[in-house]
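Work through the exercises below with the sequence and the structure in view. Try each task before reading its solution.

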Amino acid sequence: MKLLLAGLVLTLIVGAQAQWYHFPGEAARGARDMWRAYGDMKDANWKNSDKYFHARGNYDAARRGPGGRWAATVISDGREMVQGSSGRGHEDSAADQEANRWGRNGGDPNRFRPQGLPKNY
């Protein structure tokens, strides 16, 4: 736990670099992007759409800047850590993390978009 906390603090410090005063706002807006993607996933209730919403939330958050990217990383990794310990399959968690990284690194979330998902998502 201490190692995880130290890693998060180091990521915060390194990620902020010279634009440290933008970081908190970017992180807050990135967290909001992640929450919106989660809400849309629940609202859509569409089969096989979770990877798309993972990628979209991370993509939107990372576009906010270093703070948004940090928020996306912390939220995604935390969620997968909690869900992984609840007995979910390792393969599903690995696929979620692939979608998370794809979106965070600027990849088009539509790569994971399921056929027939309404356009408003």
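**Exercise 1: Arg-56 and its partner**

Arg-56 has a relative accessibility of 9% and counts as buried, in a model that is predicted.

Task: Find which residue forms a salt bridge with Arg-56, and state where the two residues lie.

Solution.
Step 1. The partner is Asp-40, with the closest N and O atoms 2.7 Å apart. A salt bridge requires a distance within 4 Å.
Step 2. Arg-56 belongs to helix α3 (residues 50–62) and Asp-40 to helix α2, so the pair ties together parts 16 residues apart in sequence.
Step 3. Asp-40 has a relative accessibility of 19%. The cut-off for buried is under 20%, so Asp-40 counts as buried.

**Exercise 2: A pair within one helix**

Task: Classify Asp-33 and Arg-36 by accessibility, then describe how their side chains meet.

Solution.
Step 1. Asp-33, at 1% relative accessibility, is buried.
Step 2. Arg-36 has a relative accessible area of 39% and is partly exposed.
Step 3. Their side chains meet in a salt bridge of 2.9 Å, N to O.
Step 4. Both residues lie in helix α2 (residues 23–44), 3 residues apart, which is about one turn of the helix.

**Exercise 3: From pairs to a network**

Task: Which residues are linked with Asp-33 in a network of salt bridges?

Solution.
Step 1. The network links Asp-33 with Arg-36, Asp-40, Arg-56, Asp-60 and Arg-64.
Step 2. A search of the whole structure gives 10 salt bridges. Among them is the one between Lys-51 and Asp-50, at 2.9 Å.
Step 3. In that pair, Lys-51 is buried at 14%, whereas Asp-50 is partly exposed at 24%.

Definitions and conventions
Residues are numbered from 1 along each chain as its sequence is written. This is a predicted model: local features need pLDDT of at least 70, side-chain atom pairs count only at pLDDT 80 or more; totals for chains, interfaces and linings use all residues. Side-chain values use heavy atoms; hydrogens and water are left out. Helices (H or I, at least four residues) and strands (E, at least two) are DSSP runs, numbered from the N terminus. Buried means under 20% relative accessible area, exposed over 50%, partly exposed in between (1.4 Å probe, protein chains only).
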